[in-house]
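I opened the model today and kept short notes. Each entry says what I looked up and what I found.

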Amino acid sequence: MGLQPLEFSDCYLDSPWFRERVRAHEAELEKTNKFIKELLKDGKNLIAATKNLSAAQRKFAHSLRDFKFEFIGDAETDDERDIDASLHEFSNFLKHLEDQREILALSVTETLIKPLERFRKEQLGAVKEEKKKFDKETEKNYSLLEKHLNLSAKKKELQLQEADNQVEQNRKHFYELSLEYVCKLQEIQERKKFECVEPVLSFFQGLFTFYHQGYELAKDFNHYKMALQINIQNTRNRFEGTRSEVEELMNKIRRNPQEHKRANHFTMEGYLYVQEKRPAPFGSSWVKHYCMYRKETKKFSMIPYEHRSGGKVGDAELFVLTYCTKRNTDTIDRRFCFDLEASDRPGAPVTMQAFSEEDRKLWMEALDGKEALLINLNRTNAKREGSAQLDKIGFTIIKKCISAVETRGINDQGLYRVVGVSSKVQRLLSLLMDSKTCNEVDLENSVDWEVKTITSALKQYLRSLPEPLMTYELHGEFIVPAKSGSPESRVNAVHFLVHKLPEKNKEMLEILVKHLSNVSKHAKRNLMTVANLGVVFGPTLMRPQEETVAAIMDLKFQNIVVEILIENHEKIFKTLPDAAFPEPISMSASPPNAPPRQSRRQGQRVKRPLAVYNLCLELEDADSHSSPREDTPTGSTDSLSSQSPTPACPSSPPGLLDGDPLIMDSADLAGWTANLPAQSRPSMVSWMNLPCANPAATNAALPTFLFPTPGTDKVESVAHRKARAVYPCEAEHSSELSFQIGAIFEDVQFSREPGWLEGTLNGKRGLIPQNYVQFL
């Protein structure tokens, strides 16, 4: 049972039970006061902890932003660039999250701390003052009453009457004070219910607003996460291929270092100990130098270097060699020595000591030294041995393997990545490469040969060719466009180079690439996307003539070249390229007299006041009825098993353009975004700039697109439109279209990118600058 009400009539009786009820009310208010005092203390601690957490998060974000990955080689792939930029994106994500946390900390002070402090001071403090007055008046009233009752009845009548008046007046004052105190007690008991709870409600509103902001950021981050996971998986796949090549090269060099000596402009180079003579009686000392010699110019240079002293480099010395003589042990008390004489270095010859007898022989041969031993060094990389050739049997082998794969195993998971048993692969190859047994091997109907054995045999045959299918000569030229330029210029360059290949190489490449394109179309079943096929066939179709770590670091660009071939095989093999080699096109170039293109750089997110959220939390499931598309983005799906499509946020609906009504439903957005290339996907931060949607528009989720009628300000709602290019444009991203003046676009729709449209040109769909076209 709760507190009993205080009746005003009981103030006049002032019974013991009345006093008990008053004390119960006072105890309850004291408990409330202690509760508020403790709550204020905890609230201030919460604010301090929130600020400390925010400071730590910002410090963490600052560390992420300031770090940058360095890469090996002279260029990065698009995936690597996106991975490099990811730390900055993570930093932005944390920064915007902490901006909202800062708003939360301020709101706790304004909506919780100050109102409770004001209630405690103005209301509960006032009751305490009233209680003091009431207790004081109670003491005075009953003391005066006792004194009055102790008056002698023998006092004069006038004195007794004055005493009676004084007691009566004091009693009235006491009753009035008692009435006011009782009224105040009951008023505060009722007032505390909303004066205490309303600030706590505001606190939780701010808290859930913060969590809702985090939820929105997390939804936006999910799109970025999916793109980044594809970038990471592609980079991991390329790393695995590169690592195996590096380990293979390392083992080759370990077995025979001299056969894999790196070619450079020096005939011989390495460390030698040089004798430095000192005045008697100090004798001489031997100092280690790094020496380099060029036989063409006879220039010999040496640089003192000591590993043990922290790698300190001394001054280089250069002279022209005239003579080299071997020193025998009967003329010097050291082994492996020889003398050098220089035309521009007068005085005694320079005595040098090699690390071993074999090392001295190499130096003597390079220096044309006297008594030099002639040894036959194989310094060039031997061509890979093998009987595989681009002849009639070779074409038959490739066609039989392709036909069998497409008939029996086009949907097998990991096709071309899963390898067959080595002994079976070799046995199949030997049968296929023998002209007597080749035609007898039935790969399409025989159960003796597994699909993985056939695919491994095909790859092994291509690797066994004396020269890679895309040739040593053009290897470097194929790599260059993969490292730079726009997507369109890359395709044009590869197109041009493919037609420079020998006719048989080009014919074989066309057969293979057409097959790989067919394999990639079944990626939902076999998981072999274009990127995965690039990883498998990059080292198979292309390899440098000289095996070095630097060349192996370019494997990822070989993969990109193969990806370009697969994605554009119709254009590359069915049409002739331009007569001249296409120059790399600047990513930022604009056509003459063309209007400025809308920048697609992601801007800073605008903070939204707390008041705009209100009931947006209730709308979070408004689009749950829309199912995402099943389109699989280009890239490996190995690491994407945890991904699940997320419905578009009602407060940030997809397709909004400068406050326009909803123009794209959540399913369209999910499918469209998933199929965008990684470098052109919107950043997780930029999507936060969208205004809160009208719930009715959100629930409608109609894929209707709005277009201004040419020459008027009238907005027309049309699902499909055509447009004509009024300016030429070169794509800056793989998601954009390149076109010339007069190009006609089909199915033109607004994109969620401000200032951009989405349309189809020659069967390819992509983004179009809105101010470069005119609607038809």
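Before counting, I fixed the term: a contact means heavy atoms within 4.5 Å. The model I used is a predicted one.

**Entry 1: the whole chain.** I took contacts with a separation of 6 or more and asked how many come from far along the sequence. Residues 24 or more positions apart account for 70% of them. Next I tallied secondary structure and found 18 helices and 14 strands in the chain. I then checked burial: 45% of the 776 residues count as buried. The accessible surface comes to about 41500 Å². Carbon and sulfur atoms hold 53% of that surface.

**Entry 2: strands around E7.** I looked up which strands pair with E7. Strand E6, residues 337-342, is joined to E7 by 5 bridges, and the two run antiparallel. A hairpin links E6 to E7 through 2 residues. Strand E1 (residues 268-277) also pairs with strand E7 (residues 345-353), in the antiparallel sense, over 2 bridges. I then picked out Met352 in E7. From E6, I found Phe338 as a bridge partner of Met352. I also noted that Val274 stands opposite Met352.

**Entry 3: helix H5.** Is this helix mostly covered or mostly open? I found H5 (residues 357-366) mostly covered, with 7 of its 10 residues buried. The buried residues are Asp359, Arg360, Leu362, Trp363, Met364, Glu365 and Ala366. I traced what they pack against: E1, strand E2 (284-294), strand E3 (299-306), strand E5 (317-326) and E6. Just after H5, I noted that Asp368 takes a positive phi of about 55°.

**Entry 4: the nonpolar cores.** I reminded myself that in soluble globular proteins nonpolar side chains tend to be buried together. The largest nonpolar core here has 61 residues. Which of its residues touch the most other members? I found Phe478, Leu509 and Phe537. I followed Leu509 further, leaving aside its neighbours within four places in sequence. Leu509 is in contact with Leu469, Met470, Val498, Leu501, Leu541, Leu565 and Phe573. I also logged a second, separate core of 30 residues, which includes Leu40, Leu112, Phe119 and Leu207.

**Entry 5: Arg543.** I wanted to place this arginine. Arg543 lies in the loop between helix H13 (530-541) and helix H14 (549-552). Is Arg543 buried or exposed? The cut-off for buried is under 20% relative accessible area. Arg543 has 7% relative accessibility, so I counted Arg543 as buried. I then looked for a polar partner. A polar atom of the Arg543 side chain lies 3.2 Å from the backbone oxygen of Leu465.

**Entry 6: the five-stranded sheet.** I wrote down the strand order as E13-E12-E11-E10-E14. These 5 strands form an open sheet with antiparallel pairing. Why does one side of each edge strand lack a neighbour? Strand E13 (764-769) and strand E14 (773-775) stand at the edges with a single partner strand each, so one side of each is left without a neighbour in the sheet. The twist averages 40° from one strand to the next. I checked one pair inside this sheet in detail. Strand E10 (residues 721-725) and strand E11 (residues 744-750) run antiparallel and are joined by 3 bridges. Across that pairing, I found Arg721 opposite Val748 in E11.

Methods. Residues are numbered from 1 along each chain as its sequence is written. This is a predicted model: local features need pLDDT of at least 70, side-chain atom pairs count only at pLDDT 80 or more; totals for chains, interfaces and linings use all residues. Side-chain values use heavy atoms; hydrogens and water are left out. Two strands pair if DSSP finds at least two bridges between them. Helices (H or I, at least four residues) and strands (E, at least two) are DSSP runs, numbered from the N terminus. Buried means under 20% relative accessible area, exposed over 50%, partly exposed in between (1.4 Å probe, protein chains only). A polar contact is a pair of N or O atoms within 3.5 Å; within protein, one must be able to donate a hydrogen and the other to accept it, and residues adjacent in sequence count only if both atoms are side-chain atoms. Axes are lines fitted to C-alpha atoms, for helices over the stretch in contact, and angles run from 0 to 180 degrees between N-to-C directions. A nonpolar core is a set of buried Ala, Val, Leu, Ile, Met, Phe, Trp, Tyr and Cys residues joined through side-chain atoms within 4.5 Å. Accessible areas come from the Shrake-Rupley method with a 1.4 Å probe; for residues, only the protein chains shown count as cover.
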